[in-house]
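Colleague: Could you take a close look at the salt bridges in this model for me, and walk me through how they sit in the fold? I would enjoy one connected account rather than a list.

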Amino acid sequence: MNYQTFRDLATDEEYGTQEEMERVFHSVTEGTDETCWCFNECLAPKFISCSWENLELTLQYDIATWMLNPAGIVHGGIISSGCDLAMGMLTRYLKRRNDCVTVQMQMQFMRPVTGKGNFLVKAKSDKAGRNLYFMSARVYRSSDAELAALASAEFM
C-alpha cells in the first residue's frame, strides 16, 4: 500500500472530482502482495470503485488461509479490520490528511463469509463534521452477493 499522504496525491484544484478520487484510491491500494510488512498490507485491499457524488469507496479483500477461523469462516476480526480500513481510507481522503483515528466502531454480523473467493466492503461517509467523521460500511459475500455484515464508526 502507498502510505504517501492523501494531500500529496492531489492538488487543491483537483480535489472534489470523481477522476481525482479514483486516481488517489488506485494509487493508495496499488502494490499490495503477500509479502506484507504490516497488517493493512496483509489485508491487501483492492480498489473496486468510488463515488465523489455519494462519498463512497468500495474495496475487495481476497480471502487467504490465515484469515480463517478453525471452522473455515473468515474471522470476524478480519471483517472488522476490512471495514475499519475502508472507512478510514475514505475519512483520510475527505480530511486530506493521514492522521485518522477510529474513535468508536460497531459491527453487526448477519451471515458467515466462507473461506473461498473474496468479500467486498462498501464504505460511505454519512456526515463529515469539523472534528468527527461519521461513517458506515456494508460487507457483501462474493459467493452470493448477500449482505454479511454492517459497520458504523466515528473517526477523528
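Modeller: Happy to; what follows starts with the fold, goes through the salt bridges one at a time, and then visits the surroundings.

Please keep in mind that this is a predicted model. The protein chain has three helices and six strands. Read from the N terminus, the elements come in the order α-α-β-β-α-β-β-β-β. Of the 156 residues in the chain, 41% are buried.

Now to your part of the structure. Side chains of opposite charge can pair when their charged atoms come close. How many salt bridges does the count give? The count comes to six, with a side-chain nitrogen of Lys or Arg required to lie within 4 Å of a carboxyl oxygen of Asp or Glu. I will take you through three of these pairs.

Let us begin with K46 and D62. Their closest N and O atoms are 2.3 Å apart. The pair links distant parts of the chain, since K46 belongs to strand 1 (residues 46-51) and D62 to strand 2 (residues 56-62), with their positions 16 residues apart in sequence. How open are the two partners to the outside? K46 is partly exposed, its relative accessible area being 35%. D62 also has a value in the partly exposed class, at 30%. The limits behind that wording are under 20% for buried and over 50% for exposed, so a residue in between is called partly exposed.

Between strand 1 and strand 2 there is a loop, and L55 is found in it. Here the backbone deserves a glance: phi of L55 is near 50°, a positive value in a residue that is not glycine. L55 is partly exposed, with a relative accessible area of 24%.

The next pair is D99 with R97, whose side chains meet in a salt bridge at 2.7 Å from N to O. D99 has a relative accessible area of 37%, so D99 counts as partly exposed. For R97 the figure is 46%, which again means partly exposed.

Beside R97 in the sequence is R96, in the loop between helix 3 (76-95) and strand 3. Is R96 buried or exposed? At 7% relative accessibility, R96 counts as buried. R96 also has a positive phi, near 65°, although the residue is not a glycine.

The third pair is R111 and E146, with their closest N and O atoms 3.3 Å apart. R111 sits in the loop between strand 3 and strand 4 (118-128), while E146 sits in the loop between strand 5 (133-141) and strand 6 (147-155), so this salt bridge ties together parts that are 35 residues apart in sequence. Both partners can be placed on the same accessibility scale: R111 is partly exposed at 33%, and E146 is partly exposed at 32%. One more thing about the pairs: salt bridges that share partners join K95, R97 and D99 into one network.

From the loops we can move on to the interior space. A search of the whole structure finds one cavity of 30 Å³ or more, and the largest cavity holds about 30 Å³ of space. Which residues line the largest cavity? The lining consists of I63, V113, T114, K116, N118, R141, S142 and S143. By class, that makes two nonpolar, four polar and two charged residues.

On the outside, there is a nonpolar surface patch of about 330 Å², made by V103, L132, F134 and M156. V103 belongs to strand 3 (residues 102-109). With a relative accessible area of 45%, V103 is partly exposed.

Finally, a charged residue in strand 4 is K127. At 52% relative accessibility, K127 counts as exposed. K127 and E154 are 27 residues apart in sequence, and their C-alpha atoms are 9.6 Å apart in space.

To pull your request together: the K46 and D62 pair links strand 1 with strand 2, the R111 and E146 pair ties two loops together, and R97 and D99 share a network with K95.

How values were computed
Residues numbered from 1 in each chain as written. Predicted model: local features only at pLDDT ≥ 70, side-chain atom pairs only at ≥ 80, totals over all residues. Heavy atoms only, no water. Patch = residues over 30% accessible without salt bridge, like charges linked within 9 Å, V, L, I, M, F, W, Y side chains within 5 Å. Areas by Shrake-Rupley, 256 points an atom, 1.4 Å probe, with all protein chains shown as cover. Helix = DSSP H or I, 4+ residues; strand = E, 2+ residues; numbered from the N terminus. Buried < 20%, exposed > 50% of the residue type's maximum accessible area, 1.4 Å probe, protein only. 1 Å grid on protein atoms, 1.4 Å probe; cavity = no way out; pocket = protein on both sides within 12 Å on 5 of 7 lines; lining within 4 Å. Points joined across faces, edges and corners; volume = space filled by probe spheres on them. Nonpolar A, V, L, I, M, F, W, Y, C, P; charged D, E, K, R; others polar.
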